[in-house]
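Thanks for agreeing to look through this one with me. My notes are below as numbered points, so feel free to scribble next to any of them.

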Amino acid sequence: MNLAIRSGDHPSDLLFVNFNQDCTSLAVGSKSWYRLYSLNTVDKLESIYESESEDVCIVERLFSSSLVAIVSISSPRKLKVCHFKKGTEICNYSYSNSILAVKLNRQRLIVCLEESLYIHNIRDMKVLHTIRDTPPNPTGLCALSINNDNCFLAYPGSNQIGEVQIFDTINLRAVTMIPAHDNPLAAIAFNAQGNRVATASEKGTVIRVFSVPDGQKLFEFRRGVKRCATIYSLAFSVDSMFLAASSSTETVHVFKLETPKDNKTEEAQGWMGYFGQALKTSANYLPTQVTELFHQGRAFATARLPSSGLINVCALSVIQKIPRLLVASQDGYLYIFNLDPTDSNECVLVRQHRLDGLTGDSHVTEVTPYDKPLTHQQSTTSYASTVKKPEATVGAGTNMAPPGKQREDSVNLIGTSYAEMLRRKGGPQGAMLDCEPRATVEQIDEILSGPDSEPYQEMDQGATGGEDLKGLGQLRLDDDNEFPPMTHKND
């Protein structure tokens, strides 16, 4: 998530934080560096890679490969695609306006501008299609499915109401438009299979799940009724059984995606049974808005953050064989909660780690045995009894100092808003871009093959750079045997 364009009243040295596609790593960008962390264990936040690069506001990693896409505040219109293990730049592209978001999967790379979307083939970085004149999208809201068979892109279809446009990035055609909410969209997320999309509006009270590509509403959940909130992120579990929602409040909600059983249970006797039946009958005569309240699901579990009002991003993952809820916050911490899929209760905070890599105040009191896998169903000891809530005070946010020596062409960015940074640089149109390729074939011979790229020229699609990657062949995303080459099925 690009924190630079959302910082508001809470300035932070962190400019970007996001999980990769399968939640096995975490990318963090700041005013003086960007880092990649491994999420294979809860005990420590292991650094995979660190670069002393200034003002990195977007850094997206492709699964567990060495491919990363980087955007900086000093050059907000330039996208760099790099091989971080070799320290080489594969290519870079320049666009007509500031880049607000970048999404990747094994087949496509999406660049989101405020009023357009560029679809690249990730194998050779060619621009395949441009979606122009989209409704104003100042936060770069969009989602890309990671499934190769359902490789869909979702983005807002209106800035007045909550319409979701679904686009097929393989066949390059519009699929459907989903009228999801009455208010503009605030969050979108696909599940791992690419056949469901979750949405939330700026009002922040109702979260809906739709099937893709037909757009049928499957679930509707109510986050709360007491107050509205800004939904910052939505995240499915890998099995699509749970959906997490983080917001501007201190509560993270986890919803269970299960349909009510069709089998009829015996009606409760007495006054409670009579009252319940009366409610169901009277609901038919109430306004639609009131009737919907009886059909909206509530949170299966919740997690408490130490403070509210901070931008955050959540994820659901399985770490050390236990379901976990992960929340990376603007305060500079990663919070790790245990999620019991069989017990609807408050999630237990088991670890917190500083995102600046320092070790001070990086974890809470250990819960024993917090890492016992949920595999022995025959055990008589309940899961809740094995993870008692720790009594610890969550530490304050981190405050990274700027680098001691600034570049001659840089400006002091500490405490400066994103808009002011762009203004000092001459605006998005005035950003100075380096148009010469930085890497040679000899340096990246295991990633690309063919002659070196030529100087950049203006392209009809509106993006510059990488035109002559035709001879470079395909990107080898399995450079360290991490992922085999994958091609789209033409069934």
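How many salt bridges does a search of the whole structure find? The search finds seven. Please keep in mind while reading that this is a predicted model.

1. **Overall picture.** The protein has 29 strands and four helices. Of its 491 residues, 54% are buried. Among contacts with a separation of 6 or more, 49% are between residues 24 or more positions apart. The accessible surface of the protein is about 22800 Å², and carbon and sulfur atoms hold 48% of that area.

2. **A salt bridge between distant parts of the chain.** Among the seven salt bridges, you might start with the one between the side chains of R351 and D43, with an N to O distance of 3.7 Å. The pair links distant parts of the chain, with the two positions 308 residues apart in the numbering: R351 belongs to strand β28 (residues 348-354), while D43 lies in the loop between β3 (34-38) and β4 (46-51). The two ends differ in their exposure class. R351 has a relative accessibility of 5%, so it counts as buried, the cut-off being under 20%. D43, at 39%, counts as partly exposed because this value falls between the 20% and 50% limits.

3. **R354 and D356.** R354 forms a salt bridge with D356, and the closest N and O atoms are 2.8 Å apart. Are these partners buried or exposed? R354 counts as buried at 19% relative accessibility, and D356 counts as buried at 3%. The value for R354 is worth a second look when you go through the model, because buried means under 20% and R354 comes out at 19%.

4. **A small network.** Salt bridges that share partners join R208, K217 and E220 into one network. Within it, K217 forms a salt bridge with E220, where the closest N and O atoms are 2.9 Å apart. K217 is partly exposed, with a relative accessible area of 42%, whereas E220 counts as buried at 10% relative accessibility.

5. **The four-stranded sheet.** Strands β17, β18, β19 and β20 form an open sheet in the order β17-β18-β19-β20, with antiparallel pairing. Why do β17 (185-190) and β20 (217-222) each have one side left without a neighbour in the sheet? Both stand at the edges and have a single partner strand each, so one side of each stays without a neighbour there. On average, neighbouring strands of this sheet are turned by 15° against each other, direction ignored.

6. **Pairing at one edge of that sheet.** β17 pairs with strand β18 (residues 196-201) in the antiparallel sense, over five bridges. If you would like a pair of residues to check by eye, A187 has A200 in β18 as its bridge partner.

7. **A303 and its surroundings.** A303 is found in strand β24 (residues 301-304). Its relative accessible area is 0%, so A303 is buried. Which residues is A303 in contact with, leaving aside its neighbours within four places in sequence? They are E250, T251, V252, L325, F337 and C347. Another position to look at is H253: A303 and H253 are 50 residues apart in sequence, and their C-alpha atoms are 6.6 Å apart in space.

Methods. Residues numbered from 1 in each chain as written. Predicted model: local features only at pLDDT ≥ 70, side-chain atom pairs only at ≥ 80, totals over all residues. Heavy atoms only, no water. Pairing = 2+ DSSP bridges. Axes fitted to C-alpha atoms, helices over the stretch in contact; angles between N-to-C directions. Salt bridge = Lys/Arg side-chain N within 4 Å of Asp/Glu carboxyl O. Buried < 20%, exposed > 50% of the residue type's maximum accessible area, 1.4 Å probe, protein only. Contact = heavy atoms within 4.5 Å. Areas by Shrake-Rupley, 256 points an atom, 1.4 Å probe, with all protein chains shown as cover.
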